There are 4 protein chains.
Amino acid sequence: MPNHWFEFLKKDFVQGFPAFCGFEVLRADYCIFETCLKVLNQHRQQDGFVHAGVIATMADHTSGYASFTTVSEKFRILTVEFKINYFKPATGPLIICRSKVINNGKKIKVAESEVFSVSNGIEKLVSKGMFTQIAVASEDIVL
Amino acid sequence: MPNHWFEFLKKDFVQGFPAFCGFEVLRADYCIFETCLKVLNQHRQQDGFVHAGVIATMADHTSGYASFTTVSEKFRILTVEFKINYFKPATGPLIICRSKVINNGKKIKVAESEVFSVSNGIEKLVSKGMFTQIAVASEDIVL
Amino acid sequence: MPNHWFEFLKKDFVQGFPAFCGFEVLRADYCIFETCLKVLNQHRQQDGFVHAGVIATMADHTSGYASFTTVSEKFRILTVEFKINYFKPATGPLIICRSKVINNGKKIKVAESEVFSVSNGIEKLVSKGMFTQIAVASEDIVL
Amino acid sequence: MPNHWFEFLKKDFVQGFPAFCGFEVLRADYCIFETCLKVLNQHRQQDGFVHAGVIATMADHTSGYASFTTVSEKFRILTVEFKINYFKPATGPLIICRSKVINNGKKIKVAESEVFSVSNGIEKLVSKGMFTQIAVASEDIVL
């Protein structure tokens with residue numbers, strides 16, 4: 001992957017809702033994307049755990065950028081559907097998401113995300129999801 | 001449902017991440033919960049649509065409270081897993097989520113959420129999801 | 001729907017694996033398909049319940065034909081992915097599946113299936129699933 | 001895993017619907033189960049591909065037995081829900097399914113299955129699914 005594309009991905013990733021949530025980019029390679037989040041109170045649910053929606057958003061967005069590494073800048077990646085399982089409560093203080101494309105179709109991509117809660121340097125797998133996405137030419141997207 | 005329970009649910013719903021997102025409660029009945037969101041720029045993704053993560057969070061959280069109407073205050077509802085489909089881009093300016101419990105097991109609950117983008121009073125179904133949840137006694141939850 | 005199309009669907013439905021399983025067509029309308037199965041020992045799992053795979057197959061196949069009612073004979077419907085929940089064990093002696101298209105996109109279809117176990121005329125909802133399908137021109141399908 | 005347990009699993013696996021389908025056991029280890037199927041015409045759908053239901057059944061059943069290796073003979077594994085993606089059409093003549101438990105909770109298990117179509121010794125990944133199961137004491141199962 002050319003370096004300017006990596007820089008573009010890192011910048012493009014943190015707009016709108018993902019920027020609002022506070023996700024940061026750790027790694028971008030062909031078919032691979034990794035991000036992290038420093039957990040704040042605003043990310044928690046009523047019992048103090050990281051909200052399932054934060055984890056789903058992180059897993060969806062990171063997997064979308066994993067697929068975005070496989071297309072040219074003329075394309076966008078939209079989520080068709082996803083499924084996510086929650087294994088254990090995530091408490092942080094750090095959350096890491098590792099995504100990879102597992103079926104790199106020309107139009108339909110399938111990616112996986114694994115989410116880890118990190119405490120004292122120990123990673124605990126808290127969630128895993130599968131994401132079906134579609135690559136759409138930017139010019140075909142109308143707001 | 002006793003009125004104090006409805007008032008409790010409305011207050012309990014908007015803490016942490018859901019409060020941060022800006023969800024509001026529209027309706028709470030036995031097995032049913034409905035919420036809305038006024039769409040701001042912070043809810044959008046790179047193409048200007050409401051982010052899939054906002055919709056997933058709203059659908060997950062609202063369905064969790066639909067199930068929460070079926071248990072006593074001694075229980076909490078945790079998400080085991082969910083699956084969500086995105087039909088059309090959501091642009092707002094208002095998003096409504098309607099959730100209902102479709103299998104009210106004693107321990108395992110399954111709920112559905114339908115998410116609508118509302119513009120000029122016209123509702124468009126943009127997303128639907130199925131959520132598997134588990135009812136856990138509050139005393140068994142350890143942070 | 002023209003009558004010859006209904007007759008074609010009924011005949012086309014019961015080939016290969018679905019015929020082997022023994023599914024029968026109850027109803028075909030635009031966006032709707034319903035089937036039934038008389039439960040035999042060969043449909044059960046080790047505990048005597050109808051096997052999850054029988055129910056998944058029935059729910060997938062019936063939803064595929066619900067989508068098939070929306071396209072011309074030049075198209076085929078292939079399953080992209082699905083998710084299914086099991087609510088209660090199904091024991092029969094009759095199983096009914098009711099499917100409908102809930103998002104009728106030109107290329108991507110989303111359908112739902114509800115599966116009922118029927119005993120003494122009483123229907124019990126035992127399973128529900130969501131199916132993402134793609135309409136492909138027959139000429140583009142190569143074995 | 002004691003050898004008599006492996007022999008029991010192999011025998012127990014092929015009853016009812018799985019026996020009817022023709023699945024065979026390749027491997028059983030702690031958290032792992034692998035099976036194969038020689039594709040016959042009765043396993044195909046209208047276009048000649050292996051039916052999505054055959055693949056779903058194989059993936060569900062094999063993953064259930066992967067979880068079954070983690071409990072004592074007093075327990076049974078029931079499917080709560082699953083999600084499966086189809087990447088490419090499967091044509092055979094051989095199908096292999098490899099399942100492993102990815103979250104080995106005491107009561108709730110999550111397993112994954114990967115399904116491969118094998119032709120001339122070359123394996124092609126055609127499908128992947130995630131399965132949520134529950135371990136239930138045999139005495140609590142009532143037909």
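Copies are superposed here by least squares on the C-alpha atoms of residues with pLDDT of at least 70 in both. With that in hand, let's look at how the chains of this predicted model are arranged.

**Chains A and D**

Chain A lands on chain D after a rotation of 180 degrees with 0.0 Å of shift along the axis, and the RMSD of that superposition is 0.0 Å. That is the relation of a two-fold axis. The same surface serves both copies, since 100% of the contact residues of chain A recur in chain D. If you would like a landmark for the axis, look for A:Lys83: of the residues of chain A, its C-alpha comes closest to the axis, at 3.6 Å.

**Chains A and B**

Turning to another pair, 33 residues of chain A are in contact with 33 residues of chain B. On the side of chain A that touches chain B, helix 2 (16-21), helix 3 (52-68) and strand 3 (75-86) each supply at least two residues. Which of the elements gives the most to this side? Strand 3 of chain A does, with nine residues. The make-up of this side of chain A, by class, is as follows.

| Class | Residues of chain A on the side that touches chain B |
|---|---|
| Nonpolar | 11 residues |
| Polar | 15 residues |
| Charged | seven residues |

Strand 3 also takes part in pairing across the two chains: strand 3 of chain A and strand 3 (residues 75-86) of chain B run in the antiparallel sense and pair over five bridges. For a place to start viewing, try A:Glu81, which stands opposite B:Asn85 in strand 3 of chain B.

Definitions and conventions. Residues are numbered from 1 along each chain as its sequence is written. Chains are lettered from A and ligands numbered from 1 in the order in which they are written. This is a predicted model: local features need pLDDT of at least 70, side-chain atom pairs count only at pLDDT 80 or more; totals for chains, interfaces and linings use all residues. Two residues are in contact if their C-beta atoms, placed from the backbone, lie within 7 Å. Helices (H or I, at least four residues) and strands (E, at least two) are DSSP runs, numbered from the N terminus. Ala, Val, Leu, Ile, Met, Phe, Trp, Tyr, Cys and Pro count as nonpolar, Asp, Glu, Lys and Arg as charged, and the others, Gly among them, as polar. Two strands pair if DSSP finds at least two bridges between them.
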